[in-house]
Amino acid sequence: MAEGRLLIHNATVCMFGAANQVIADGAVLVEDGLLAAVGQGAELQGRFPDAPREDAGGKLLLPGNICAHTHFYGAFARGLYIPGPPPKDFPEILRRLWWTLDRALDDDGVLFSALVCLVDAIRHGTTTLFDHHASPNEIDGSLDIIAGAVEAAGLRACLCYEVTDRNGPEGALAGIAENARFIKNARARQSPLIAGTFGLHASLSLSDETLGRCLAEAQALGEVGFHIHAAEGPADQEDSLAKYGLRTIDRLRSRGILGPRSIVAHVTAIDAWEMAALRKSGAWVTHQPRSNMNNAVGTADVPAMLRGGMPVLLGNDGFSNDMFVEMHTAYLLHKAWRADPRVATGNQIIDMAYRHNAQLAGQFFAAPLGQISPGAAADLILLDYCPTTPLTADNLPWHIIFGISGSHVTHTMVAGRWLMKERKLLTLDEAAITAQSRQVARATWERFWALSA
C-alpha cells in the first residue's frame, strides 16, 4: 500500500497542530506511508541526501482534507428531475428524492455513484471520508462494493449502512446485518484505508425496537459507535415528541445511541439542554452548511457549541468533495444567521476542518491523519496557490477561506502513494468512469421515475 521513501522539497509547508505553522522553502520526508521528518528544505536535503526527491515547485503543501459526513449514493441526484411540484419541506425532499433514489440503486449504481465521488475527492484534495450509505434493494454486500472502490482509488473511508424502518422489518434487519458483517470483516482485514461504524438513519425512521436491536448488536461487537442524522430540521423533533414524548437528542441519549464513538450529523433543531446532553455524551457533531441551506432545515448553533468546547466537525452531506468550499460556506453562513461578523472566526473554521476532523479520524484509523508531523500518515496535497499578499501562520486561515479552493489542488497523496500528480489521476480512469457513470445514472433515473409514478 505505502510506497518507499520520498523527500518532497521546495514547498510552503502549512501545518495545523497546537498552533498554525508555515515553513517557507520547507520539506517533508515520506517513508513507508508515514511522515518521517518535517522541516526546512536545505536541512532535510542535507540529512537525507540519498532519498528520492520530488520538487514541489514552490506549491503549498497541506494535509489532505477530511470529510466527516457524506453520502456517495447521492451522486446521481445531480441533474435529476423530480416529477411534480417542488418539494415544500424536508420530509417531502426525503420521500420524493432521497428515499426514492436510494431504492433505485442496483449494484452498478452503488459502485459508480461511489467512484464518481472518489474521483471528485482526489481532484479536490479530500483524502478521508466518512460515508453513510443506503440502497434498500441492494443491502447485503453493498459496503464491500464501496470499500473495493475506495481501495482502488487509494483513499481512506469509514463506511456504514443506514438502518431504517421505512422499508419494513426485513429491511431493518438486513441493514443491521450489513453493518455487523462489514465491521467484523474490516477488523479482520486490518486495511489501513478502510474502517467501519454502525449506521442509523434518524430518530424519525427508527422505532424503539429497532434502536434496541442496533444497540445490542453494537455492544456485541464491542467498541462500536453509531453514525446517525439527528434533529435535521423540525420534523425529526416533532416526530420524536409526538411518538415518545422526548426531544430527539434526549431520546437518542436515553436509548444508548450517544457516546464518544458516535457521529451525529446536523442538529439544526436542538435546544440548550440537548446541546448539553451532546456535550456530556462525548458524541461528535458534524456540520454541513451547504446541505442545511439547500434543504432549508435551519442552522446549527455551531458558535455556541464551539464556545462550549465541543469538537464540532465539518462534512458535506453528499455535496462536492471540495471541502474548501464547505469551509467558506461555514464561515459566511453563521455571520449572516447571527447578523454578527465576529462569530465563526477563521481560526474556528480551521479548527473544525483540520483539528477536529483529525481527532475524529483518530478514532478509526491507526496513523494520525489531518496533520503534518513525524509519525502522521503521509496524506498530503499540493496546491498551486500563489498568494498576492504575505502568507503567515497567523493569517493562514483567511488565505484558506478567501483565496484557496479545491481547483488549486495539483497533487494528492495517501499513505505515501500519489493518487494524482499535476492534476492527472493515477489510480482511477476518470474518463472511463465518467462515461460509464452516465449510462448507469440513466438506468437509475428510469427506475427512479417508475418508483415516483
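Start the tour by selecting Gln190, which sits in the loop between helix 5 (168-189) and strand 9 (194-196). Keep in mind as you go that this is a predicted model. With a relative accessibility of 67%, Gln190 counts as exposed. Check its backbone too: phi is positive, about 55°, although Gln190 is not a glycine. That deserves a look, because most residues other than glycine have a negative phi.

For a second case, jump to Asn10. This residue is not a glycine either, and its phi is also positive at about 55°. Here the setting is a strand, namely strand 1 (residues 5-16). Is Asn10 buried, partly exposed or exposed? Its relative accessibility is 28%, so Asn10 counts as partly exposed.

Next, show strand 2 (residues 20-31) and strand 3 (residues 34-40). The two run antiparallel and are joined by six bridges. Together they make a hairpin, with two residues between the strands. Select Asp32 in that turn and you will find a positive phi of about 55°. Then pick Glu31, and look across to Leu34 in strand 3, which stands opposite.

Now return to helix 5 and add helix 4 (residues 142-153) to the selection. The axes of these two helices come within 9 Å and cross at roughly 35°. On the helix 4 side of the contact, display Ser142, Leu143, Asp144, Ala147 and Glu151; on the helix 5 side, display Glu178, Asn179, Arg181, Phe182 and Arg189. What is the make-up of this contact in nonpolar, polar and charged residues? The contact of helix 4 with helix 5 has three nonpolar, two polar and five charged residues.

The next stop is a sheet. Select strands 10 to 14: five strands form an open sheet, ordered 10-11-12-13-14, with parallel pairing. At the edges you will see strand 10 (198-202) and strand 14 (313-314); each has a single partner strand, so one side of each has no neighbour in the sheet. Inside the sheet, zoom in on strand 11 (residues 226-230) and strand 12 (residues 263-266), a parallel pair with four bridges. A handy marker is Ala230, which stands opposite His266 in strand 12.

From there, move along the chain to helix 12 (residues 323-338) and helix 13 (residues 346-361). Their axes are 10 Å apart, and the helices pack at an angle of about 140°. Helix 12 and helix 13 are therefore oblique to each other, and the crossing is right-handed. To see the contact, show Phe324, Met327, Ala330 and Tyr331 from helix 12 with Gly346, Ile349, Ile350, Ala353 and Tyr354 from helix 13. In this contact, eight residues are nonpolar, one is polar and none is charged.

Leave Phe324 displayed, as it leads to the last stop: Leu383, which touches Phe324. Leu383 belongs to strand 15 (residues 380-383). Its relative accessibility is 0%, so Leu383 counts as buried. Leaving aside residues up to four places away in sequence, the other residues that Leu383 touches include Lys59, Leu60 and Leu62, as well as Ile404, Ser405, His408, Val409 and Thr410. To finish, draw a distance line between the C-alpha atoms of Leu383 and Gly58. How far apart are Leu383 and Gly58 along the chain, and in space? They are 325 residues apart along the chain, while their C-alpha atoms are separated by 9.3 Å.

Key:
Residues are numbered from 1 along each chain as its sequence is written. This is a predicted model: local features need pLDDT of at least 70, side-chain atom pairs count only at pLDDT 80 or more; totals for chains, interfaces and linings use all residues. Side-chain values use heavy atoms; hydrogens and water are left out. Axes are lines fitted to C-alpha atoms, for helices over the stretch in contact, and angles run from 0 to 180 degrees between N-to-C directions. Angles under 35 degrees count as roughly parallel, over 145 as roughly antiparallel, 65 to 115 as roughly perpendicular and the rest as oblique. A crossing is left-handed if the near helix is turned anticlockwise from the far one by less than a right angle, and right-handed if clockwise. Contact means heavy atoms within 4.5 Å. Ala, Val, Leu, Ile, Met, Phe, Trp, Tyr, Cys and Pro count as nonpolar, Asp, Glu, Lys and Arg as charged, and the others, Gly among them, as polar. Two strands pair if DSSP finds at least two bridges between them. Buried means under 20% relative accessible area, exposed over 50%, partly exposed in between (1.4 Å probe, protein chains only).
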